[in-house]
Amino acid sequence: MSNREPTRTPREVLAFLREREVKAIDFRFMDFPGLWKHFTVPAEVLDELVFEDGIGFDGSSIRGWMPINESDMLLVPQPDTLFIDPFCKDVTLAMICNIQDPLTKEDYSKDPRNVARKAVNYMKSTGVADSAMFGPSLEFFVFDDVKFDQTSHSAFYYVDSCEGAWNTGRDEKPNLGYKVPNKQGYFPCAPTDAVHDLRSEMMLAMMACGMTVESHHHQKASGGQCAINIRYDELVPMADNVLKYKYVVKNVARKNGKTATFMPKPLFEDYGSGMHVHVSLWKNGANLFAGSDYSGLSETAMYALGGLLKHGAALCAITNPTTNSYKRLVPGYEAPVNLAYSQRNRSAAVRIPVYSSRAKSKRIEYRVPDGAANPYLSFSAMLMAMLDGIRNKTHPGPPLDKDIYDMPPEELKDLPRVPQTLDDALTALEKDHEFLLQGSVFTEDVIETWIDYKRKEEVAAVRVRPHPYEFALYFDM
């Protein structure tokens with residue numbers, strides 16, 4: 001059930017270089033928190049030995065990786081990940097790399113792509129499934145202007161969009177109207193949808209990079225919120241595609257004098273941007289999630305769902321990895337606050353889509369994650385939670401088919417909730433990560449480094465800085 005291309009050999013890559021008259025090779029990999037990194041070599045440097053021996057680089061300069069006294073690491077390019085970069089002036093071939101230790105040639109435990117590969121191998125070793133299919137739906141904002149700064153005596157941010165609801169009264173010489181009201185940005189046609197052509201350009205660039213795009217549309221918020229839906233694939237190539245997706249979106253926006261962000265909550269009092277992940281497990285070509293239980297799910301799917309909800313708080317530390325993530329996870333904006341499941345109900349953490357009754361389409365949608373997440377780690381953590389639920393037969397209990405936002409407090413008080421802050425989520429991960437250690441997929445050093453980095457570099461950094469709104473609240477105290 002994979003839609004990725006057949007694996008290429010190094011010799012076939014070299015033939016591709018000659019055929020396309022490639023001038024440069026760009027090696028890509030992801031750092032620990034979740035940013036794509038790269039460096040470039042002349043095309044003549046690439047030979048078959050590079051695919052075996054790798055290319056050295058300084059691992060101590062990558063966030064969360066090696067100490068300076070053990071800095072040397074290897075990048076090993078993966079032939080089946082190649083694509084022509086559509087944004088380079090000269091013909092440039094990009095390949096995604098695995099990371100290895102130069103002395104032992106072992107895959108590096110903190111390489112996010114290695115964690116994802118181990119998660120898939122562990123799944124296969126259990127005999128539960130042979131394929132984990134992921135279909136993330138990412139949301140993002142396209143802005144015309146963004147400014148922000150933080151000094152010892154000032155702090156501010158400012159974003160702007162030609163279609164922002166806040167610009168109905170701006171002197172635009174002339175202002176032609178057609179602004180998107182808050183919370184009313186879903187599916188408008190042009191001219192209200194001012195970023196349609198931009199999304200089409202993004203869609204075509206994604207397709208040029210080998211991705212399968214299913215649709216694109218304006219999302220629900222004002223201020224240029226968008227979504228482009230790509231076809232599902234197996235865990236590792238799907239995580240690869242998320243990186244290509246974000247790369248394309250940002251570069252097409254930049255090319256057109258705009259800027260794109262996957263920051264979960266850049267606008268106050270409007271919808272935030274999530275990464276709703278559709279997932280199913282397969283074995284021998286059969287969808288293990290199709291059955292006769294609730295909403296056409298199988299018993300296996302119900303247990304997998306139970307695992308996601310049981311470990312939902314700990315998962316948030318990985319799937320919602322920024323302090324800003326928790327400004328999205330608040331009531332009233334269609335983001336899941338309670339760890340519950342339902343068919344069709346988009347206010348639940350897990351939704352069972354009912355677009356099709358066909359067995360091959362049966363899946364669950366985990367609506368908690370956001371686009372700031374490292375896709376390799378997030379998809380791996382989700383898979384490990386589902387496998388834990390299946391192994392322990394963790395039933396999720398009854399569904400919640402009511403509108404959660406309209407339920408009275410007495411009915412909501414016993415529902416488990418997502419953490420309210422990143423620090424709360426990290427505490428949950430500290431207490432609940434044994435399920436991630438199965439099969440040495442995540443290791444203790446990976447968990448410890450993740451928690452330590454997030455607490456020091458993000459949680460503490462935000463906590464000690466005065467917030468602009470505190471001046472409105474407290475200056476005249």
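Helices and strands are DSSP runs, numbered from the N terminus, and these labels serve as signposts in the walk that follows through a predicted model.

A good place to begin is the loop between strand S13 (259-261) and strand S14 (275-283), where Phe268 is found. With a relative accessibility of 67%, Phe268 counts as exposed, because that label applies over 50%. Phe268 also has partners at the surface, since together with Val146, Phe148 and Tyr157 it makes a nonpolar patch of about 520 Å².

Another loop to look for is the one between strand S8 (145-150) and strand S9 (155-160), which is the place of His153. His153, at 71% relative accessibility, counts as exposed. Although His153 and Pro466 are 313 residues apart along the chain, a distance of 9.2 Å separates their C-alpha atoms.

From these exposed loops we can turn to a helix with other surroundings. Is helix H7 largely enclosed or largely open, and which of its residues are buried? Helix H7 covers residues 312-319, and seven of its eight residues are buried, so the rest of the structure largely encloses this helix. The buried residues are Gly312, Ala314, Leu315, Cys316, Ala317, Ile318 and Thr319, where buried stands for a relative accessible area under 20%.

The next step is to see how helices lie against one another. Two packed helices are described by the angle between their axes and by the distance between those axes. For H7 and H11, the angle is about 120 degrees and the axes are 7 Å apart. H7 and H11 are therefore oblique to each other, and H7 passes H11 in a crossing that is left-handed.

Helix H11 (residues 422-431) packs with helix H13 (residues 444-463) as well, at an angle of about 165 degrees and with 11 Å between the axes. That angle makes H11 roughly antiparallel to H13, because angles over 145 degrees are placed in this class. The crossing of H11 and H13 is left-handed.

Charged side chains offer a further way to read the model, in which the count of salt bridges comes to 22. One of these joins Arg170 to Glu172, whose closest N and O atoms are 2.8 Å apart. Arg170 is partly exposed, with a relative accessible area of 31%, and Glu172 is partly exposed too, its relative accessible area being 26%. The two residues also belong to a network of salt bridges that links Asp160, Arg170, Glu172 and Lys179.

Other salt bridges reach across the chain. Glu201 and Lys255 meet through their side chains in a salt bridge of 3.3 Å, taken from N to O. This pair links distant parts of the chain, for Glu201 is in helix H4 (residues 196-208) and Lys255 is in helix H5 (residues 235-255), 54 residues apart. Glu201 is partly exposed, with a relative accessible area of 26%, whereas Lys255, at 61% relative accessibility, counts as exposed.

A further salt bridge brings together the side chains of Arg231 and Glu214, at 3.9 Å from N to O. Here, too, distant parts of the chain are linked: Arg231 lies in the loop between strand S11 (225-230) and strand S12 (233-234), while Glu214 is in strand S10 (residues 213-218), 17 residues apart. Arg231 counts as partly exposed, at 30% relative accessibility.

Technical notes
Residues are numbered from 1 along each chain as its sequence is written. This is a predicted model: local features need pLDDT of at least 70, side-chain atom pairs count only at pLDDT 80 or more; totals for chains, interfaces and linings use all residues. Side-chain values use heavy atoms; hydrogens and water are left out. Buried means under 20% relative accessible area, exposed over 50%, partly exposed in between (1.4 Å probe, protein chains only). Helices (H or I, at least four residues) and strands (E, at least two) are DSSP runs, numbered from the N terminus. Patches are made of residues with over 30% relative accessible area and no salt bridge: like charges are joined within 9 Å, nonpolar side chains (Val, Leu, Ile, Met, Phe, Trp, Tyr) within 5 Å. Accessible areas come from the Shrake-Rupley method with a 1.4 Å probe; for residues, only the protein chains shown count as cover. A salt bridge is a side-chain nitrogen of Lys or Arg within 4 Å of a carboxyl oxygen of Asp or Glu. Axes are lines fitted to C-alpha atoms, for helices over the stretch in contact, and angles run from 0 to 180 degrees between N-to-C directions. Angles under 35 degrees count as roughly parallel, over 145 as roughly antiparallel, 65 to 115 as roughly perpendicular and the rest as oblique. A crossing is left-handed if the near helix is turned anticlockwise from the far one by less than a right angle, and right-handed if clockwise.
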